[in-house]
Amino acid sequence: MHWDDSVKVVKGIGDKTAGLLDKLGIYTVGDLVQYYPRDYDRYKDIVPISTISPGQDVVIEGTLAARPSSTKLRNLTIVNARLKDSTGSIKVTWFNMPFLARTLKMGTYYIMRGKVSYKNDSFVIEQPRMYSKQEYYSGRNKLLPIYRLTKGISNNNISKYIQTAVNTVDFENDYLPAKYCRENSLYSRTKAIRSIHYPADRDDVIKARKRLAFDEFFLFLISLRRLKGLNTNRITTDAYRDSGVCERFIENLPYKLTKAQLRVWNELKTDMMSGCVMSRLIQGDVGSGKTILAAVALLFNYDNGYQGVIMAPTEVLAKQHYESFDRLYKDTGIRTGLLTGSMTVSAKRKMYEEIACGNIDVIVGTHAVIQEKVIYNRLGLVITDEQHRFGVRQRVDLAEKGDSPHTIVMSATPIPRTLAMIIYGDMDISVVDELPAGRIPIKNCVVGTNYRNAAYKLMVNEVRAGNQVYIICPMIEDSEDSDLESVEGYEKKLFSVMPEDIRISILHGKMSASEKNRIMEEYVAGNIDILISTTVIEVGINVPSATVMMIENSERFGLAALHQLRGRIGRGNRQSYCVFMHGDTGEENIKRLEVLNHSNDGFHIASEDLKLRGPGDLFGIMQSGELVFRYADIYSDSDVLMLANDMVKSMDMDKVNELMETYSYLNRYRIGDENVGL
Ligand code: ADP
Ligand code: MG
């Protein structure tokens, strides 16, 4: 079985299953083998029934106290039974599994696992999973992989397919020499992939992850190198001249630029006047005011007779930038244009024409600005906002649009300079390390779920005062094998506790792009009071009347991701509140969250996060959307990033090309959302 074969060659996978796997982005055997667990489970110790309480996920054993009963409620079949051990008994319930009424036998021994809840005056476990004694005891000391699922595929199914694939696929040779692996304590590729699915213990997972992170970084760095042709020298270009228009523009802003903003503006100006092509990263914490720098740079570019473009990662953000630029440029003569994927074909065509003949000076848009059909007219400056949402590929595509235009990349991801220098290749780096004065600091709290009612009250009060609320959940929908809060589950919960006139909506990544846009626009317009969302809202949007954010299961997110999320509030002149709510979790997790309570500094937060988590201790932590990597984490795997960088640096382009040709699987690795194969 080959890496590139369709999944259908795997025993047990037919057309129907293949269709379901498609939804998970799994098309080939290689995809399947590289579908790594999102977490691990361990069979817990069996506890006496008398000791359990609601909310716990427990494993109990015993015999059925009576014959199971089966009732029908509308089109739902409910099977009830009672499991008893020597200390007590508990009700167990299954839905739509009528056959259990026949197969479960009174007096027979069972092991069951599930979440205890309290309903109609008694404890109950709904939909418990059942194990045979042998199955349970043999799995007790193992880490069992948990995969991301889609409706129609169970964890058991996918585990089986992966196991079959891992056991039969031809892994081909490792591109890393065995000697190199030995010297740098890296697993071989085969061992890493096997261990990540079926680890012997925790240590095995950590080592496997390390090797997978290496591969991911390595391929990222190689593609960066191939695409950017890092060996080429700086290209020279027309040196820009300073007519003073930008200084006047800055003078007329309703606020004074911070010292940091002025310093970075000077760096940009110096670059563009140098006669070499600028390639610069502007790094600055959320709210540090990067957008205005983009606006000034684009004005400078315009004043020198060139067209400019800024690309934002979402439609809503693009529209927001467009509107604010349009306002800012009102007395400058600049003609702005918006170009996004959701525009009608004819509107797009019209915009293409306007751009091509130079009737538009500053184009604001989404990925649509890198479409082949867009032909620019004297493109001089290209800016990507919130870079972390794009892959290297898009960054380069945009830069290649014109004839070596100046490029600026803006990012709020706080990474140490040494790492930034690697991740951003040969870019120069500017840092906006100061927030505008006069912001009212956000009030934070880290609390358990018993604080929910108080939080709901706060939300109602804020909404009554004309403000808006975000609630963030880690999951989209409730699932059997997870206790995490979900957007859909939360919507139901809120409908029952919130006053009827409060307008509640949801937003998540499975919604269509146009639906997401519509919701986000409604929120920006103030037509939604409470928005329940996954982390999709994290990117740069500016809603000054959003004053409350509550993040459920905040223990599951990386601190840097939480900090980015929090950056969505506290953007106006009103007091804002951020509630970091955690589920049942350990001391260390709470201590970690406390960092956010005491600091608003992205760099400090990221470094504390790393200290408190320790390497390899991030399983189940979501750094969602923050970085392009799928599996590696630039913070906790920074040593691996350096190692991969050393290796890539030591290779010349011929060697790189030879490697990619010899090991064809390298061309089909995936990093983030982007296919790295060239
Ligand atoms: P980010 O760096 O996260 O992209 P923005 O550019 O969106 O931040 O700026 C956040 C808010 O701060 C905007 O409303 C912007 O108008 C405002 N702002 C930017 N610079 C200053 C400044 N020097 N003084 C006061 N407000 C500013
Ligand atoms: Mg921004």
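## A covered helix

Helix H19 spans residues 559-566 and is mostly covered, with eight of its eight residues buried. Here buried means under 20% relative accessible area, exposed means over 50%, and partly exposed falls in between (1.4 Å probe, protein chains only). The buried residues of H19 are Leu559, Ala560, Ala561, Leu562, His563, Gln564, Leu565 and Arg566. Helices (H or I, at least four residues) and strands (E, at least two) are DSSP runs, numbered from the N terminus.

A quick word on ground rules: this is a predicted model, where local features need pLDDT of at least 70, side-chain atom pairs count only at pLDDT 80 or more, and totals for chains, interfaces and linings use all residues. Residues are numbered from 1 along each chain as its sequence is written, chains are lettered from A and ligands numbered from 1 in the order in which they are written, and side-chain values use heavy atoms, with hydrogens and water left out.

## Domains

The protein is divided into domain 1 (1-41 + 156-170), domain 2 (49-139), domain 3 (245-432) and domain 4 (443-599). Those bounds come from an automatic or database domain assignment. Taken over C-alpha atoms, the centres of domain 2 and domain 3 are 60 Å apart.

## The pocket between domains 3 and 4

The second largest pocket has a volume of about 1300 Å³. Of its 44 lining residues, Tyr255, Thr291, Ser324, Leu328 and Asn542 are the closest to the centre. Four elements each give two or more residues to this lining: helix H9 (245-251), helix H11 (291-303), helix H12 (315-328) and helix H18 (513-524). H12 supplies the largest share, ten residues. Domain 3 (245-432) and domain 4 (443-599) both contribute to the lining, so the pocket lies between them.

For the definitions, the search runs on a 1 Å grid over the protein atoms alone: a cavity is a set of points where a 1.4 Å probe fits but cannot get out, a pocket is an open set with protein on both sides within 12 Å along at least five of seven lines, and lining residues have an atom within 4 Å of a point. Grid points are joined across faces, edges and corners, and a volume is the space filled by probe spheres set on the points. By class, the pocket lining splits into 16 nonpolar, 15 polar and 13 charged residues. Ala, Val, Leu, Ile, Met, Phe, Trp, Tyr, Cys and Pro count as nonpolar, Asp, Glu, Lys and Arg as charged, and the others, Gly among them, as polar.

## Around ligand 1

Ligand 1 has 16 residues around it, and the closest are Lys256, Gly287, Lys290, Thr291 and Arg439. To be near a molecule, a residue needs a heavy atom within 4 Å of it.

Three of the atom pairs are worth a look. A backbone N or O atom of glycine 287 sits 2.6 Å from a ligand 1 oxygen. Threonine 291 places a side-chain N or O atom 2.6 Å from an oxygen of ligand 1, and arginine 439 does so with a side-chain N or O atom at 2.6 Å.

## A small cavity and strand S10

There are three cavities of 30 Å³ or more. The second largest holds about 40 Å³ of space. Its lining is made up of Gln283, Gly284, Asp285, Ala412, Thr413, Pro414, Val431, Val432 and Phe603. S10 and strand S16 (428-432) are the elements that give two or more residues to it. The lining divides into five nonpolar, three polar and one charged.

Strand S10 (residues 279-284) also holds arginine 280, which counts as buried at 9% relative accessibility. The side chain of arginine 280 makes a polar contact with that of aspartate 271 at 2.7 Å. A polar contact is a pair of N or O atoms within 3.5 Å; within protein, one must be able to donate a hydrogen and the other to accept it, and residues adjacent in sequence count only if both atoms are side-chain atoms.

## Two arginines with positive phi

Most residues other than glycine have a negative phi. Arginine 74 has a positive phi, near 45°, and belongs to the loop between strand S3 (69-73) and strand S4 (76-84). At 77% relative accessibility, arginine 74 counts as exposed.

Arginine 378 has a positive phi of about 55°. Its loop runs between strand S13 (362-365) and strand S14 (379-384), and arginine 378 is partly exposed at 49% relative accessible area.
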